[in-house]
Amino acid sequence: MQTFKLSAGTVLAASAGILFLQAGRCIGADAIVAPSGGDFTSIQQAIDQAAPGDTVRVRDGVYYEKVVFSSGGSAGGGYVSLRAYDGEHPVLDGTGVAGQSMVVIQEHDYIRIEGFEIRNNSGVTDGSGIRLLGACQHIQIVSNEIHEMRGSNAMGITLYGTNSTPASDILVQGNHVHHCDPATSEAIVLNGNINGFEVSGNLVHDVNNIGIDFIGGETDISPYGICRNGVCRGNHVYKARSAYGGGYAGGIYVDGAQNILIEDNMVHECDLGIEIGAENSGFDSTGIVVRSNRVFNNDKVGIVFGGFEQAVGRVRGCRFENNVCYKNDTLQDGNGELWIQFASNNIVENNIFFCGPQDWIVVSWEGNSNNSLDYNLYFSASGDSNDATFVWNGTEHNGFQTYRSGTGQDAHSKWTDPQFVDAAATNFHIANTSPAVDAGNPSLAFSSTVKDMDGQSRVMGGIVDTGSDEVSHYWKWQQLVFGGIPDFQTNSGAVVYSPQGDYDGDHGPNYLEMISGTSATSSGSVFRIGIKRGDQPTHVDLVFPVRTQRLYSIEKASDPTGAWSNRAGPSAVALNDDAYTLSDAASAVAGVYRVGISE
């Protein structure tokens with residue numbers, strides 16, 4: 001029999017678990033909570049006794065209790081983990097149990113809660129399924145289902161940063177929050193002094209106010225700071241509609257927060273799709289990036305940004321890029337796909353805006369200052385650009401060209417069908433022939449960590465596509481090897497180099513040159529071609545720049561119009577390299593080579 005560390009000087013017998021001894025005490029133990037046959041029958045009892053590094057595993061059953069963490073883990077000892085027993089589904093049920101919140105963590109660190117169904121919290125006036133208060137740090141809320149939080153301000157997951165020290169390193173991931181009454185609050189909310197978080201992969205639906213919210217400036221919650229420096233990625237929110245005030249709940253909302261990435265989320269059938277606002281004067285939303293989201297069939301608008309009136313805060317210095325807004329404003333409220341309020345110095349580019357039968361696309365009645373729209377793709381259900389309505393700072397423009405000439409906006413944007421694969425089935429991939437391919441801002445460079453809706457490289461054709469999908473490419477770049485490149489030279493390694501391309505001094509960007517199909521004999525060439533001498537005199541080496549997540553191969557023909565045969569590859573490349581080599585053995589005869597790049 002093994003033992004479970006409860007507290008200093010106290011040890012219980014445990015039926016299962018692994019123990020580690022450190023400095024004269026037991027750490028890293030497992031305790032089992034079960035209706036019978038475990039170490040505890042109550043989750044609260046087990047949590048009260050858990051020390052840093054301990055895991056409380058809860059077996060199948062319905063546990064009628066509400067849990068308050070009396071302590072947490074530590075950097076040295078590790079997390080206190082409360083989790084479902086592997087493969088089982090414990091239920092925490094609030095029926096008949098006093099208290100506003102089902103689980104409370106206040107001023108504790110290093111805690112993980114995973115795998116519970118949390119339900120039936122009735123008569124709430126201000127409570128949550130899981131509530132964090134104060135300077136909680138290193139908290140993980142993962143893969144829980146929370147529902148039937150009923151009353152008012154009956155929320156799913158709440159973090160209030162109420163301490164002068166910020167809450168930080170918060171993970172809210174893979175949870176399912178539904179059929180709750182958060183109004184006038186939010187289903188998932190991070191509010192107050194919070195610095196560093198990730199909210200990802202959650203499913204939120206059928207709630208009577210905002211789905212996911214990040215807030216700064218509500219000084220009644222926290223006078224110490226704002227929610228900042230986080231990521232909201234891969235969430236799915238639908239049917240978040242407000243039960244009050246005429247219905248202006250955003251599926252995802254940023255209110256006076258800063259430096260947050262809103263990426264790769266799917267939002268539909270809400271009052272508003274994604275809103276970046278600032279309800280409190282003096283607390284502006286800045287540094288927000290809204291990227292690669294699919295926002296469709298929302299009641300009043302797809303994306304809206306800005307303070308809702310002159311007296312409140314502003315939205316400044318934010319980016320809205322590579323989103324798809326499709327047939328929003330289903331109530332034909334007149335807000336279109338993109339609604340700009342009191343906001344300044346924001347950039348809207350590389351998006352696809354496809355409006356429904358109301359034909360309202362961009363709407364801005366007042367407060368729109370120095371915002372820039374360009375490299376977007378517009379279309380409508382009717383297909384007629386003259387039927388589209390754009391409103392810019394209170395002036396209505398009928399027709400796409402009229403809007404562009406009247407405002408100076410969207411100079412490089414297009415009116416054309418984006419050729420979605422199946423928008424009716426919410427498949428917003430674009431066809432290989434789509435005019436959205438390589439139609440984005442050509443000067444926009446993304447880091448390798450930025451992906452499209454499928455997790456692929458955000459730029460595959462040298463220029464980013466508009467919308468959330470980046471189309472895979474397959475290029476063939478032709479290169480004459482013998483007789484086609486003048487002035488071969490041999491280096492000390494006995495490899496022949498072309499005098500053209502980056503390796504021969506044009507200083508151009510290798511990747512852009514390669515995909516542009518630059519002539520082998522021009523100063524823009526990117527390959528160096530060689531005949532390997534010495535030990536392998538018949539080898540031909542093709543040396544070229546590569547990027548990860550691609551397959552490369554080389555093919556050869558007697559002339560450009562002849563039949564091509566594969567000589568090497570396809571080879572998966574696991575690194576970025578400006579001098580990657582594929583070799584064709586026993587082929588030192590005249591001909592034409594080409595490199596294939598598959599993404």
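## A walk from Phe-420 to the largest pocket

Start by selecting Phe-420, which is buried, with a relative accessible area of 14%. Keep in mind as you go that this is a predicted model.

Now add Phe-428 to the selection. Phe-428 is buried too, at a relative accessible area of 1%. Turn the view until you can see both rings: their centres are 5.2 Å apart and their planes stand at 80 degrees, so you're looking at an edge-to-face pair.

Next, pick helix α2, residues 400-407. Show the side chains of Phe-400 and Tyr-403, which sit three residues apart in that helix, about one turn. Are these two buried or exposed? Both Phe-400 and Tyr-403 are buried. Here the ring centres are 6.4 Å apart with the planes at 35 degrees, so this pair counts as tilted.

Time to widen the selection. Which residues join Phe-400, Tyr-403, Phe-420 and Phe-428 in a cluster linked by ring pairs? Add Phe-296, Tyr-326, Phe-353, Phe-354, Tyr-378, Phe-379, Phe-390 and Trp-415, and you have the cluster on screen. Across the structure there are 18 aromatic pairs.

Leave Phe-400 and Trp-415 showing and click on Ser-385. You'll find Ser-385 in the loop between β44 (377-380) and β45 (389-392). What does Ser-385 touch, leaving aside its neighbours within four places in sequence? Its contacts are Gly-399, Phe-400 and Trp-415. Although it lies in a loop, Ser-385 has a relative accessible area of 17%; that is under the 20% cut-off, so it counts as buried.

Now move over to the largest pocket, which has a volume of about 390 Å³. To find the middle, select Ile-210, Tyr-248, Tyr-253, Glu-275 and Glu-279, the residues nearest the pocket's centre out of 23 in the lining. Colour strands β23 (210-215), β26 (250-255) and β29 (272-277), since each of them gives two or more residues to that lining. The largest share comes from β23, with three residues. Colour the lining by class and you should get ten nonpolar, seven polar and six charged residues.

While Tyr-248 is still selected, bring up Lys-300. The charged end of Lys-300 sits over the Tyr-248 ring, 3.9 Å from the ring centre.

For the last stop, jump to Arg-59 and Tyr-85. Arg-59 lies over the face of Tyr-85, at 3.9 Å from the centre of the ring.

Conventions:
Residues numbered from 1 in each chain as written. Predicted model: local features only at pLDDT ≥ 70, side-chain atom pairs only at ≥ 80, totals over all residues. Heavy atoms only, no water. Helix = DSSP H or I, 4+ residues; strand = E, 2+ residues; numbered from the N terminus. Buried < 20%, exposed > 50% of the residue type's maximum accessible area, 1.4 Å probe, protein only. Contact = heavy atoms within 4.5 Å. 1 Å grid on protein atoms, 1.4 Å probe; cavity = no way out; pocket = protein on both sides within 12 Å on 5 of 7 lines; lining within 4 Å. Points joined across faces, edges and corners; volume = space filled by probe spheres on them. Nonpolar A, V, L, I, M, F, W, Y, C, P; charged D, E, K, R; others polar. Phe/Tyr/Trp six-rings, centres within 6.5 Å; stacked < 30°, edge-to-face > 60°. Lys NZ or Arg CZ within 6 Å of the ring centre and 35° of its normal.
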